[in-house]
Amino acid sequence: LRRLVPLGAARIGVAAGAAAGALGGLALHFVCGIDSALHVALAHGGAVVAGAVMGSLALPAIAERQAAE
């Protein structure tokens, strides 16, 4: 990931965060007994969105900190 950061840390962070969120949402799907469409869309899909947002915020900050050292 370190070599990809110059391409756009926020975009790489969104992709990595969304992938992590999707994995978390998938794991949640196997454990959660609620199968209504609204719940799956908001709660399980929300894991993907939350991961993407956190990734877009965290990776640029980490990259800046690494570059300063």
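This is a guided tour of a predicted model, with suggestions for what to select at each stop.

Begin with the whole chain shown as a cartoon, where you will find two helices and zero strands. Of the 69 residues of the chain, 22% count as buried, and the chain exposes about 4900 Å², of which carbon and sulfur atoms supply 72%. If you turn on contacts, bear in mind that, among those with a separation of 6 or more, residues 24 or more positions apart account for 73%.

Next, select residues 9-31, which make up helix 1. This helix has 23 residues and reaches 33 Å from its first C-alpha to its last, a span close to the 33 Å expected at 1.5 Å a residue. Now colour Ala9, Ile12, Gly13, Gly17, Gly21 and Gly25, since these are the buried residues of helix 1. With helix 2 also displayed, you can follow how the buried residues of helix 1 pack against helix 2. As you look along the helix, it helps to recall that an α-helix has 3.6 residues a turn, so residues three or four places apart point the same way.

Stay with helix 1 and move to Val31, which lies in this helix. Valine 31 has a relative accessibility of 73%, and because exposed means over 50%, it counts as exposed. Add Leu23, Leu26 and Phe30 to the selection, and together with Val31 you have a nonpolar patch on the surface, with about 500 Å² of accessible area in total.

Then select residues 37-68 for helix 2, which has 32 residues and reaches 46 Å from its first C-alpha to its last, close to the 46 Å expected at 1.5 Å a residue. Centre the view on glycine 46, where helix 2 has a kink of about 35°. The buried residues to colour in helix 2 are His44, Gly51, Ala52, Gly55, Leu59, Pro60 and Ala63, and what covers them includes helix 1.

Finish at His44, which lies in helix 2. Is this histidine buried or exposed? Histidine 44 has a relative accessible area of 6%, and because buried means under 20%, it counts as buried. To see what surrounds the residue, show Gly25, Leu28, His29, Cys32 and His39 as sticks, for these are the residues in contact with histidine 44 once its neighbours within four places in sequence are left aside. One of these partners, Gly25, is already coloured from the earlier stop, as one of the buried residues of helix 1.

Conventions:
Residues numbered from 1 in each chain as written. Predicted model: local features only at pLDDT ≥ 70, side-chain atom pairs only at ≥ 80, totals over all residues. Heavy atoms only, no water. Patch = residues over 30% accessible without salt bridge, like charges linked within 9 Å, V, L, I, M, F, W, Y side chains within 5 Å. Areas by Shrake-Rupley, 256 points an atom, 1.4 Å probe, with all protein chains shown as cover. Salt bridge = Lys/Arg side-chain N within 4 Å of Asp/Glu carboxyl O. Helix = DSSP H or I, 4+ residues; strand = E, 2+ residues; numbered from the N terminus. Buried < 20%, exposed > 50% of the residue type's maximum accessible area, 1.4 Å probe, protein only. Expected span 1.5 Å × (residues − 1). Bend = angle between axes of the 7 residues up to and from the residue. Contact = heavy atoms within 4.5 Å.
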